[in-house]
Amino acid sequence: MVMKSSRRIPRVLIAKIGLDGHNRGAQVVAYGLRDAGMEVIYTGIRQAAAGVAKTAVEEDVDVIGISSMVGAHLAVMKRLKKELEALNAADIPVMMGGIIPEEDYDALRELGADAIFPPGSEVKGIVQYIRGVTDGLMDSGSSGNLVRQQD
Amino acid sequence: MIPMTRVEWEQQLASDYNRRGRRKTDYYSDSKIGLADLYDEESLKSSGFDAQRDLGFPGTFPYTRGIYPSMYRSDFWIMGQYSGFGNPEATNERFKFLLSQGQTALALALDLPTQLGLESDQELADGEVGKAGVAINSLQDMEAIFAGIPLDKVRQVFTTANAIGPIMLALFLALGEKQGVDPSRFTIVLQNDILKEYVARGTYIFPPTPSLKFTADAVEYCTRHLPHFKPLVICGSHMRQGGASAVQEVAFTLANAQAYIDEAVGRGLDVDDFAPSLECQLSVPMNLFEEVAKYRAFRRMWARLLKDRYGAKNPESMKCFIRVYTTGYTMTAQQPLNNIVRVAIEALAAILGGAQSLSANAMDEVLSIPTREAAQVALMTQHILANETGIADVVDPLGGSYYIESMTNAIEASALELMQQIADKGGAQKAIEAGFYQEIIRRNAGEYQKEIEKGERVIVGLNRFVDDKHKMKIESFKADEGVQERIIQKLRALKAGRDKEKVRGCLCALEQDARLGKNTVAALIDCARAYATIGEMCQVLGNVWGTYKEGAAWL
């Protein structure tokens, strides 16, 4: 496996946790990130937080993106964080998008959300955020060579 | 004076463009149908239009101009606002308020655990109990939702049960018994459209094949016992909201309709015995004229499908009752009050298109479950359209418009082409199992987003006329976080107090019927009467049929 520090292409997990089946946002983001040259895993709908955390660790993703459209964002974030902690992976940044009222931003950040993308967010803004995260990793890491290293 | 010819006018048009420029090189509808500068008699003729064959009169085949001769001159459309949240008691309160405001039908939104056959205390349900709708575990909750609202006092009750469609039918019938109201005196409308769940909405439980049979159980039961019920609403709206274009919405909905009709006919039902009870549900985004044309094309295609393909004889089979929901994806979280205007325009298109029932979204649905004020504005939007604008005073006011009729023809032609592709894949179920619809929808949604980000598609307040300084603040609905716990307590009390032997017996009988491939509705009614939970019924059915899951994939 190519470790984050030496990998040049951001790897992102886009997930739908819980019962919410509204997948337009998640898919638009997932395919948008792919089109921007990232490696993307889309979980499909109705996933358990434990499974998402496990996939994130196994696939060594740089960022996890969660889409929530039915008001369960706080509960979902809480569950995911717990599962990530159980796998010693609480350092994987989590971004959250969907129908999230502004008054919940602080609570979400406290629960560990690193970035929040409300309705109307642009895919390019999300790309920028992820590049910021992975560039940060690169700065502290390694070679500066922008070609993807082969596994 | 010699009247101007088309050629002469086109010369004037060209010089006008030269002098004043043009906003775009080419103009397209939302479905990417190319738009001419102008529509006239010639363009209508060249689109193959034949007034007698394609229009007829309102209330006559092929129903392009509406399914009733008098349309809204007799009565306005049904104003069925979608509501229901939290616990049954809160929903009961909201229903009473809406009825007091002149709402003529109730729409019961179910929370996701209920729609997925999960009990409120299951781990998977955590955080979603009472969120997207009301939590219903058993008949006890139905009794609370309709306390003081006898079912015969409401014109009809619509519910978004899909995977659990036949179970909700059983619960309503058991509730009617409890209230002492004969089912001949109320009408239940079940969405019960499982195919689109695998495409867009996602609340499937069982695999497609048994699910399609389960859907047909409700259709068959109602056809034989309750012919005034509406056991199936075939939906394009969710696929549209997921990203489909107007043309795709029409084609997918009608292809799905064929799958259901084939299943029902396969059970020996006469098409004229059940087709009159079928309804369709479509969405209405902002492209006004295309939307008006879409409804007209849809009605015509439905009528022709039923008559030509299924040999329907009863005109009622050929009339499509259309329910409309205004659209979520056209709303913006930025300057949310602008959504009131969007909803009004979408609602206008639905009425000009001849809808039978309309739910107008609340402006704050892009931020949360609607507040009471926002829900009221949405309902009043309908009352304003009905009572103040005069749009309801003439039947099919846009009929005969060169543009509308040309667009209606173009939509029909493109949708028929797509339906042929679906047929070539073996029909709706096979096409959906192969991901054919999903891929089209996903691509469209991605394109839409790209157009916005490139600025090719203007969304006011989002990518143009942006105002970052003055943030419009609207109060968003606060869910009662204690609801889940109270619902769980009630569920546990119910389980402790009911006749366990009776519940077990009814569930066994249900399992037996499902294994034998019999119609499950009679057994479901017994389960409902015994206060078995929806979760228990789904568990039993899942044991027989298995469950369906979507897996993770690298893109």
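From the N terminus onward, the secondary structure elements of chain A follow the order β-α-β-α-β-α-β-α-β-α, which amounts to five helices and five strands in that chain. The model described here is a predicted one. Of the 151 residues of chain A, 50% count as buried, and among its contacts with a separation of 6 or more, 76% are accounted for by residues 24 or more positions apart.

The strands of chain A take part in an open sheet of six strands that also draws on chain B, with the order E5(A)-E4(A)-E3(A)-E1(A)-E2(A)-E10(B) and mixed pairing. The edges of this sheet are formed by strand E5 of chain A, residues 113–117, and by E10 of chain B, each of which pairs on one side only. Within the sheet, strand E1 of chain A, residues 11–15, pairs with E2(A) in the parallel sense over four bridges, and Val12(A) of this region stands opposite Val40(A) in E2(A). Helix H1 of chain A, residues 24–35, lies across E1, E2, strand E3 (63–68) and strand E4 (94–98) of the same chain, and runs at about 160 degrees to E2(A).

Strand E4(A) is mostly covered, since five of its five residues are buried. In a regular strand, the side chains alternate between the two faces of the sheet. In E4(A), Val94(A), Met96(A) and Gly98(A) point one way whereas Met95(A) and Gly97(A) point the other way, and all are buried. On one side, E4(A) is joined to E3(A) by five bridges, and these two strands run parallel; Ile64(A) has Val94(A) as its bridge partner in E4(A). The chain passes from E3(A) to E4(A) through helix H3 of chain A, residues 73–86, in a β-α-β crossover that is right-handed. E4(A) also pairs with E5(A), in the parallel sense and over four bridges, and here Gly97(A) stands opposite Phe117(A) in E5(A). The connection from E4(A) to E5(A) leads through helix H4 of chain A, residues 105–111, and this β-α-β crossover is likewise right-handed.

The shared sheet is continued across the two chains by strand E2 of chain A, residues 39–42, which pairs with E10(B) in the antiparallel sense over two bridges. In this pairing, Trp554(B) of E10(B) is the bridge partner of Ile41(A). Strands of a sheet pair through backbone hydrogen bonds, either parallel or antiparallel. The contact between the chains as a whole takes 33 residues from chain A and 35 residues from chain B. On the side of chain B that touches chain A, helix H5 (112–115), helix H18 (436–454) and strand E10 (553–554) of chain B each supply at least two residues, and H18(B) gives the most, with five residues. Sorted by class, this side of chain B has 16 nonpolar, twelve polar and seven charged residues.

Chain B also contains an open sheet of five strands, in the order E1-E9-E8-E7-E6, in which the pairing is parallel. Its edge strands are E1 (78–79) and E6 (233–235) of chain B, each pairing on one side only. Edge strand E1(B) pairs with strand E9 of chain B, residues 357–359, in the parallel sense over two bridges, with Met79(B) standing opposite Leu358(B) in E9(B). Two helices of chain B that lie across strands of this sheet may be described in turn. Helix H10, residues 246–266 of chain B, lies across E6 and strand E7 (279–284) of chain B and runs at about 140 degrees to E6(B). Helix H14, residues 338–352 of chain B, lies across E7, strand E8 (321–326) and E9 of chain B, and runs at about 170 degrees to E8(B).

Among the loop residues of chain B, Asp126(B) is placed between H5 and helix H6 (139–145) of that chain. Asp126(B) counts as buried because 21 other C-beta atoms lie within 10 Å, where the cut-off for a buried residue is 20 or more. The C-alpha atom of Asp126(B) is separated by 8.0 Å from that of Gln484(B), although the two residues are 358 residues apart along the chain.

How values were computed:
Residues numbered from 1 in each chain as written. Chains lettered and ligands numbered in written order. Predicted model: local features only at pLDDT ≥ 70, side-chain atom pairs only at ≥ 80, totals over all residues. Buried ≥ 20, exposed ≤ 12 C-beta atoms within 10 Å, placed from the backbone. Contact = placed C-beta atoms within 7 Å. Nonpolar A, V, L, I, M, F, W, Y, C, P; charged D, E, K, R; others polar. Pairing = 2+ DSSP bridges. Axes fitted to C-alpha atoms, helices over the stretch in contact; angles between N-to-C directions. Right-handed = clockwise from strand over helix to strand, strands pointing away.
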